[in-house]
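Work through the exercises below with the model open. Try each task before you read its solution.

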Amino acid sequence: MIVAAPDKLQALRSDLEGIEIITDPAQVAKLSLDFYHYSPVLSRQLSDKRGDLVVRPADEAEVMRVAAACARLRIPVTVRGAGTGNYGQCIPLAGGVILDMGKLNQVLWAKPGLARVQAGAKLMAIDKHTREMGWEIRMAPSTYRTATIGGFIAGGSGGIGSVTYGQLLDRGNILGLRVITVEEEPRALELRGDDVFKVSHAWGLNGIITEVEIPLAPAYPWAELVVAFPPEVGFMPCAHFGQALAEADGILKKLISLHAWPIPSYFAPLRGHLPEGSAVALLMVAECSVEPLLELIREHGGQVVYNKTAQEASKGISLGEFSWNHTTLHCRSVDPSLTYLQSAFPADRELKLVQHMYEYFGDEVLMHLEWIRINGQATPVGLQIVRFTTEERLNEIMRYHEEQGVFIANPHTFIIEDGGRKVMDPRQIRFKEEVDPYGLLNPGKMRTWQERASA
């Protein structure tokens with residue numbers, strides 16, 4: 001693996017005079033991390049990995065200077081957004097440069113249905129700008145307040161809003177990307193159409209994203225509700241309610257997040273609203289859809305225990321910050337021994353595999369479901385909370401899910417093929433050869449590239 005020598009780092013600093021560089025060890029250490037500590041496996045593997053220095057370019061011209069210098073000196077480059085990933089996507093395995101894109105944070109232009117933004121723009125800031133026109137981003141992770149759009153596209157897959165708009169891998173959810181190559185003479189490439197998939201969800205391995213063009217969605221006033229299903233009703237009626245709501249095309253929705261007890265007991269800011277022993281559904285729906293939603297809730301035996309208008313929900317903490325991997329964050333803040341899975345259940349209105357896993361694992365694997373659209377179908381995906389004992393047992397749990405037909409995107413590995421991707425897209429391999437010929441971008445994360453280099 002490529003590792004930067006001290007003399008090369010000194011030469012790099014000379015080449016990059018005038019660009020902000022951070023060398024303070026404490027700051028470099030902080031900016032070398034993401035939330036990999038959610039995984040006890042990754043905590044063991046990644047806890048000592050640090051960059052050598054952090055570079056903060058102010059514009060694309062400075063990004064190109066960094067790319068050129070690193071290519072000439074053969075210094076590794078790890079691109080960083082806000083560092084809100086969960087499985088080491090931006091951890092520098094080989095040291096070198098942490099390229100912090102936070103200064104490239106402008107909304108370049110926005111119009112009804114479309115926006116062009118710099119990669120370091122935060123999702124919340126983009127929404128603040130576009131909502132003035134009545135539009136918003138289609139989907140966002142639960143780290144919406146801090147995550148950057150470039151980091152989301154490079155390391156994420158979906159989130160709040162995916163129940164309506166699917167995932168980032170669906171055509172139409174990313175319209176264009178501007179990418180800088182890592183060569184002695186870097187190029188700026190504009191990718192459009194299916195070409196964006198050469199770079200999306202590739203963990204910064206395939207070029208440095210500087211600009212993103214995305215579609216927007218109508219910005220409805222989103223009401224927030226919590227629906228409780230008491231112990232005598234049970235978790236599966238709650239799950240069937242989630243499926244029914246996901247399939248209710250006439251109800252405008254942004255979030256359906258379901259949690260078996262005792263997960264709700266870890267939600268300290270909501271504890272006063274959550275009845276003991278109840279499974280709960282956290283919902284974001286358009287205010288105009290609340291009335292038909294209440295009919296659906298009654299039909300399934302749920303009780304509304306928390307109800308905020310859009311105006312009320314805009315103040316303070318949002319229910320979105322208890323969903324997706326913020327659920328894991330809240331649970332681990334109480335019990336750091338807990339970890340999690342990432343899974344996708346087959347589309348099945350009867351939710352037979354959901355019920356099987358809920359009953360089979362009991363209190364060892366606590367059921368947490370989010371609904372998204374996959375190939376047009378409303379589908380539950382899991383971020384189950386696991387009571388960790390050993391790495392061997394964790395692997396057994398994941399293997400059992402796969403044997404039963406549940407797709408597992410392993411969040412306990414920093415190798416891209418071993419996570420949700422399984423096999424690298426040949427288009428991404430060919431594109432990496434073109435834009436990163438020396439393999440300097442985020443080295444050590446792609447097995448296919450390492451095997452080709454060894455051969």
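**Exercise 1. Describe how helix α14 packs against helix α15.**

Start with the geometry. Helix α14 covers residues 426-435 and helix α15 covers residues 447-454. They pack at an angle of about 60°, and their axes lie 11 Å apart. Because of that angle, α14 is oblique to α15. Angles under 35 degrees count as roughly parallel, over 145 as roughly antiparallel, 65 to 115 as roughly perpendicular, and the rest as oblique. Axes are lines fitted to C-alpha atoms, for helices over the stretch in contact, and angles run from 0 to 180 degrees between N-to-C directions.

Next, the hand. α14 and α15 cross in the right-handed sense. A crossing is right-handed if the near helix is turned clockwise from the far one by less than a right angle, and left-handed if anticlockwise.

Then list the residues. From α14 come I429, K432 and E433; from α15 come T448, W449 and R452. Contact means heavy atoms within 4.5 Å. The residues of this contact comprise two nonpolar, one polar and three charged. Ala, Val, Leu, Ile, Met, Phe, Trp, Tyr, Cys and Pro count as nonpolar, Asp, Glu, Lys and Arg as charged, and the others, Gly among them, as polar.

Two notes apply throughout. Residues are numbered from 1 along each chain as its sequence is written, and side-chain values use heavy atoms, with hydrogens and water left out. The model is predicted: local features need pLDDT of at least 70, side-chain atom pairs count only at pLDDT 80 or more, and totals for chains, interfaces and linings use all residues.

**Exercise 2. Is strand β10 buried or exposed, and which residues stand opposite it in β6, β7 and β8?**

Take burial first. Strand β10 spans residues 208-218, and ten of its eleven residues are buried, so the rest of the structure largely encloses it. Buried means under 20% relative accessible area, exposed over 50%, partly exposed in between (1.4 Å probe, protein chains only). Helices (H or I, at least four residues) and strands (E, at least two) are DSSP runs, numbered from the N terminus.

Now the partners. Two strands pair if DSSP finds at least two bridges between them.

- β6 (residues 114-118) pairs antiparallel with β10 over five bridges. V117 has V212 as its bridge partner, and L114 faces P215.
- β7 (residues 135-137) pairs antiparallel with β10 over three bridges. I137 is opposite L216.
- β8 (residues 176-180) pairs antiparallel with β10 over five bridges. I180 is opposite I208.

Follow β6 to its other pairing. Four of the five residues of β6 are buried. Strand β5 (residues 107-111) runs antiparallel to β6, joined by four bridges. A110 pairs with A115 there. β5 and β6 form a hairpin with two residues between them. In the turn, G113 has a positive phi of about 90°.

**Exercise 3. Find the edges of the sheet β15-β20-β17, then place helix α11.**

The sheet is open, has three strands and pairs antiparallel. β15 (338-340) and β17 (365-366) are the edge strands; each has a single partner, so one side of each lacks a neighbour in the sheet. β17 joins β20 (residues 385-387) through two antiparallel bridges. V365 is bridged to V386.

Turn to α11 (residues 324-334). Eight of its eleven residues are buried, including W324, H330 and R332. The buried residues of α11 pack against β12 (253-259), β15, β18 (368-374), β19 (377-382) and β20.

**Exercise 4. Trace the eight-stranded sheet and the helix pair α8 and α9.**

Read the order: β14-β11-β13-β12-β18-β19-β16-β21, open and antiparallel. β14 (303-308) and β21 (407-408) are the edges, each pairing on one side only. β16 (residues 343-344) meets β19 over two antiparallel bridges, with A344 bridged to V381. α9 packs on the sheet, touching β11 (222-229), β13 (279-286) and β14, and its direction makes about 10° with that of β11.

Finish with the helices. α8 (residues 235-247) and α9 (residues 290-300) pack at about 150°, axes 10 Å apart. Because of this angle, α8 is roughly antiparallel to α9. Their crossing is right-handed. P237, H240, F241, A244 and L245 of α8 meet L293, L296, I297 and H300 of α9. Seven of these contact residues are nonpolar, two are polar and none is charged.
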